[in-house]
Amino acid sequence: MSIEKKVLAPSDCSLINSPERTINFFQVARDGYSENQSVIYDLSQALEFDLTAFAIMVALIKDRNINRGLVSKMIYPVDQDCRRRVQRYGLWKAASEEESDVVQIETVPQRITNTNVANRVARRIVLECSSFLDCPEQKIPELYSVLIELMANTNNHAVPGETGRFAWWLFVRPNEDVQGIDFVFLDLGVGVFESLPVRQHVTRSSDYSGSPRVGAESFVRQRHISKIVGELSKGYIKSSTGDPDRGLGFPLIFEKAKSDRFERFTMIANDGTVDLKKRSVSLINGNFLGTAFHFVLR
Amino acid sequence: MLKISEDFSDAPGARFEADGPDSGEEFFKRLLKPRFEEAARQDRLLLVDLDDTFGYASSFLSEAFSSLEEEFGVENVKARVRIKSDDDPDLIDFVNEIIEGN
């Protein structure tokens with residue numbers, strides 16, 4: 001007999017608006033797979049299910065390193081607006097008229113590349129975005145550079161000895177509210193604040209003596225993460241290879257995030273949320289195992 | 001002159017060939033190094049034109065120009081290489097800092 005675990009989504013399922021509840025929702029789902037259970041994502045109470053939530057859900061149900069090939073199912077939101085949004089994401093081919101019906105999620109294998117940087121994908125996205133936004137020029141260098149840096153940084157901040165194990169996920173959708181385009185870039189590695197280069201940097205630096213890890217007292221932890229963010233943005237935290245020419249990806253992402261092209265630019269990792277435009281850090285009461293970037297291109 | 005968008009790729013990738021296509025490592029090996037050697041043999045300057053690509057990752061430029069500096073020396077590279085970047089003039093300083101090892 002197969003064992004199923006039903007996990008209830010929060011009413012506002014969004015890493016941006018409701019990070020703690022959303023992280024907890026997906027962590028319970030992840031735990032279900034770890035316990036060898038099929039997972040039913042119960043979205044019945046959801047009033048909002050945004051692109052950040054969709055990105056994590058897709059990553060969980062597509063990544064066999066996480067779901068172990070176990071079945072994933074979903075219960076549609078009762079709220080009709082939210083239901084339509086979920087349907088528009090296009091993941092689920094089967095649609096039931098019964099609100100309470102459980103729908104098995106289509107698990108068409110995702111195409112996986114052997115390399116972590118897909119420059120031709122980034123090029124195509126830039127062309128499509130410039131066409132969608134009616135840009136006079138076809139090229140949007142800020143966007144292209146950010147996409148390549150995000151892809152390239154995925155493995156720099158993955159788990160030691162497991163380079164390439166964690167896929168990245170990129171989701172792009174029109175955002176009608178701001179007449180722009182929403183981007184979510186996601187990797188479900190260890191999260192940048194607990195990554196090997198950051199841990200090595202913290203261990204080496206005397207400024208970080210007695211540094212708190214996830215779950216430490218909030219004031220101390222917030223100061224710790226703010227310091228890490230400041231040093232990441234200046235390129236002081238090098239890759240695990242220690243090569244002095246590396247570690248320049250984050251400074252470029254921070255620099256490009258300031259562009260007026262980007263309406264918002266947020267990074268969520270472990271227990272921290274960073275507004276890259278305002279350079280502000282806030283703590284999350286939880287631990288998101290991964291790193292997600294959300295930005296809006298205009 | 002070496003124009004990256006025409007002679008190599010209008011969509012440069014990241015650092016290493018293992019990262020994916022059109023990397024800085026590939027650019028160095030296939031174009032930058034041979035063109036530099038050719039310019040040195042002929043005692044000419046080498047102008048590297050960064051314009052008209054979709055953009056650059058820092059790792060692409062870092063790998064290509066730090067490899068050049070490591071192989072031929074700072075002074076030799078500074079004396080012979082000029083960078084053109086009208087699209088993003090900041091990249092000129094960025095590349096020069098890489099060459100100087102900053």
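Two residues are in contact if their C-beta atoms, placed from the backbone, lie within 7 Å. By this criterion, contacts in chain A that have a separation of 6 or more can be sorted by distance along the chain. Residues 24 or more positions apart account for 68% of them. The model examined here is predicted.

Chain A holds nine helices and ten strands. It has 298 residues, and 43% of these count as buried.

Chain A is divided into two domains. Domain 1 covers residues 4-104, and domain 2 covers residues 119-297. The two domains of chain A touch each other, with 16 residues from domain 1 and 18 residues from domain 2 in the contact. On the domain 1 side, the elements that give two or more residues are three helices of chain A: α1 (19-34), α2 (51-62) and α3 (64-67). Helix α2(A) provides the largest share of that side, with seven residues. Sorted by class, the domain 1 side has eleven nonpolar residues. Three polar and two charged residues complete it.

One open sheet of chain A consists of four strands. Their order is β7-β8-β10-β9, and the pairing is antiparallel. Strands β7 (168-175) and β9 (262-275) of chain A form the edges, since each pairs on one side only. Neighbouring strands in this sheet are turned against each other by 25 degrees on average, direction ignored. Strands of a sheet pair through backbone hydrogen bonds, either parallel or antiparallel. In the sheet described here, β7(A) and β8(A), the latter spanning residues 180-187, run antiparallel. Eight bridges join these two strands. Within this pair, A:L170 stands opposite A:F185 of β8(A).

Chain A also touches chain B. In this contact, 20 residues of chain A meet 21 residues of chain B. On the chain A side, the elements that give two or more residues are α5 (119-132), α6 (141-156) and α9 (249-257). Helix α6(A) makes the largest contribution to this side, with six residues. The chain A side divides into ten nonpolar, five polar and five charged residues.

Helices thus recur on both sides described for chain A. Helices α1, α2 and α3 of chain A serve the side of domain 1 that touches domain 2. Helices α5, α6 and α9 of chain A serve the side that touches chain B.

How values were computed: Residues are numbered from 1 along each chain as its sequence is written. Chains are lettered from A and ligands numbered from 1 in the order in which they are written. This is a predicted model: local features need pLDDT of at least 70, side-chain atom pairs count only at pLDDT 80 or more; totals for chains, interfaces and linings use all residues. Two strands pair if DSSP finds at least two bridges between them. Axes are lines fitted to C-alpha atoms, for helices over the stretch in contact, and angles run from 0 to 180 degrees between N-to-C directions. Domain bounds come from an automatic or database domain assignment. Ala, Val, Leu, Ile, Met, Phe, Trp, Tyr, Cys and Pro count as nonpolar, Asp, Glu, Lys and Arg as charged, and the others, Gly among them, as polar. A residue is buried if 20 or more other C-beta atoms lie within 10 Å of its own, exposed if 12 or fewer, and partly exposed in between; C-beta atoms are placed from the backbone.
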